[in-house]
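User: I am new to this structure. Please take me through it in short questions and answers.

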Amino acid sequence: MKKRLLVTALLLSACSHLPSERPADTTTLNVPPQPVVVSEPEDVVIENSDTAESVATDFEHIFVDSDMTFSGTLPCADCPGISYHINLYRDGRFEVRQEYLERNQVNLVKGIWLLENRSLHLVNQQQTLPAFHFLSNRQLTMLDLSGKPISANQQYQLQRAAEFKKLDTRQAMLGLYMLSNNQATFTSCRSGDSLNVANTQHHLPVMRQYQQDARFNGNAVIATLVGRRGQDDQANTLFIDKFEQFWPGATCPDQIQPGKMQGIVWRAEKLTDRYVPQQLNVRVIFDQNDRLYGFAGCNNFNGNYKQRSNQLTVQPLVSTRKFCAESSELEQQFTQSLQSADRAEVNGDKLQLFKNNQLILQFKPAVN
């Protein structure tokens, strides 16, 4: 009982000695704001840039909720690069244009896309396309062979366009052209697709040339051109943008017989040890009647040749006389080498011309 009274007395004593109230200090202190530090894993470095902020805010939140266009040039093993234009549609479809620089080769591929976390897979049953990784909603980078993103090298990255862009579907083509009752068809040697040719201003001169050549007479003839397929209900229609020439007596490359030189449109691949730029379309055909003709990058040419076994003799060529600054020097070297060849061999899918046992020209079958 004495202890309880003592505790009560102490408490009452404490309450009677409360500190006096002090007026609030209205002085403003200029203390600079301190940065908020957010700890990151040791292997992640976030820099103060738009890309880094996008990576940080978009992490694991990639949505293809609108039609997107990505483009750029990726490395190529045997050419200066591959130009890509990828359209991703929000309904799960994709379209790709691959252009192999300096090889005059364009691939147009369609299919469906699959998004696994941040990895993008472009699925097509006939062709294999690289897989990509979303660094952000505005950047794609290729995946390596092990499936890891190549994020350290910007050469492997594609950038998103500010606005969606339609695909350029023009490409060089080689195929069988035939005209009947003013309606033409073109069958691609590469795909086998047969298309109706639209009667546009670029097609009318082609029709006249075909009708005026007695050799054709309603038969299919190999032609080279630059064209594009129509869209939607015109998907089976070919629109010619540029016609190059007819190749009478030629066949599609898949009909080539082993060791055969005649009847094939050959594209120049190498001039001695120098690669011929593919965009120049340097081509030649040796027909069954000891005639040859072709295109040397600027001018058309023709002439006579003789072949006995592997021995080859090319007579002086007749050529048109246009001047093209970007190709005239190479054209002169090509025609001189062609006329000086003394031996021809077909090895696999290569036509090789020699002079004094030295390789001076190498060709491959033209597919466009």
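**Pockets, strands and turns**

Analyst: Let us start with the pockets. The model is predicted. Its largest pocket has a volume of about 1,000 Å³.

User: Which residues are the closest to the centre of the largest pocket?

Analyst: The lining of this pocket has 33 residues. Those closest to the centre are Leu 108, Val 109, Lys 110, Gln 171 and Arg 229.

User: Which element gives the most to the lining of the largest pocket?

Analyst: Four strands give two or more residues each: E3 (93-100), E4 (105-116), E9 and E12. One of them gives five residues, the most of any element, and that is E4.

User: How many residues of that lining are charged?

Analyst: The lining holds twelve nonpolar residues and twelve polar ones. The charged residues number nine.

User: What is the volume of the second largest pocket, and which element has the largest share of its lining?

Analyst: The second largest pocket has a volume of about 700 Å³. Of its 35 lining residues, Lys 242, Glu 244, Asn 281, Arg 283 and Phe 295 are the closest to its centre. E3, E4, E9, E13, E17, E18 and E20 each supply at least two lining residues. The largest share is six residues, and it comes from E13.

User: Asn 281 is in that list. Is Asn 281 buried or exposed?

Analyst: Asn 281 sits in the loop between strand E15 (274-275) and strand E16 (283-286). Its phi is positive, about 60°, although Asn 281 is not a glycine. Its relative accessible area is 10%, and the cut-off for buried is under 20%, so Asn 281 is buried.

User: And Asn 357: buried or exposed?

Analyst: Asn 357 also has a positive phi, about 65°, without being a glycine. Its place is the loop between strand E22 (350-355) and strand E23 (358-365). Its relative accessibility is 60%, and exposed begins over 50%, so Asn 357 is exposed.

User: Which strands make up the closed barrel?

Analyst: The barrel has five strands with mixed pairing. Neighbouring strands are turned by 50° against each other on average, direction ignored. The order is E9-E10-E11-E13-E12.

User: Within it, which residue of E11 stands opposite Thr 185?

Analyst: Strand E10 (residues 183-188) pairs with strand E11 (residues 194-197). The two are antiparallel and share three bridges. Opposite Thr 185 stands Asn 196.

User: At what angle does helix H3 run to E9?

Analyst: H3 covers residues 204-212. It lies across E9 (171-180), E12 (221-229) and E13 (237-247). Its angle to E9 is about 55°.

User: How many bridges join E17 to E18, and which residue is the partner of Tyr 293?

Analyst: Strand E17 (residues 291-295) runs antiparallel to strand E18 (residues 300-308), with five bridges between them. Their hairpin has four residues between the strands, and there Gly 297 takes a positive phi near 110°. The partner of Tyr 293 in E18 is Asn 302.

User: What is the phi of Ser 309, in the hairpin of E18 and E19?

Analyst: E18 runs antiparallel to strand E19 (residues 311-314), joined by four bridges. One of the bridge pairs is Lys 306 with Thr 313. Two residues lie between the strands, and Ser 309 has a positive phi near 55°.

User: Which residue of E20 is the bridge partner of Phe 301?

Analyst: E18 also pairs with strand E20 (residues 318-319). The pairing is antiparallel, over two bridges. The partner of Phe 301 is Ser 319.

Note on methods
Residues are numbered from 1 along each chain as its sequence is written. This is a predicted model: local features need pLDDT of at least 70, side-chain atom pairs count only at pLDDT 80 or more; totals for chains, interfaces and linings use all residues. Side-chain values use heavy atoms; hydrogens and water are left out. Two strands pair if DSSP finds at least two bridges between them. Axes are lines fitted to C-alpha atoms, for helices over the stretch in contact, and angles run from 0 to 180 degrees between N-to-C directions. Contact means heavy atoms within 4.5 Å. Buried means under 20% relative accessible area, exposed over 50%, partly exposed in between (1.4 Å probe, protein chains only). On a 1 Å grid over the protein atoms alone, a cavity is a set of points where a 1.4 Å probe fits but cannot get out, and a pocket is an open set with protein on both sides within 12 Å along at least five of seven lines; lining residues have an atom within 4 Å of a point. Grid points are joined across faces, edges and corners, and a volume is the space filled by probe spheres set on the points. Ala, Val, Leu, Ile, Met, Phe, Trp, Tyr, Cys and Pro count as nonpolar, Asp, Glu, Lys and Arg as charged, and the others, Gly among them, as polar.
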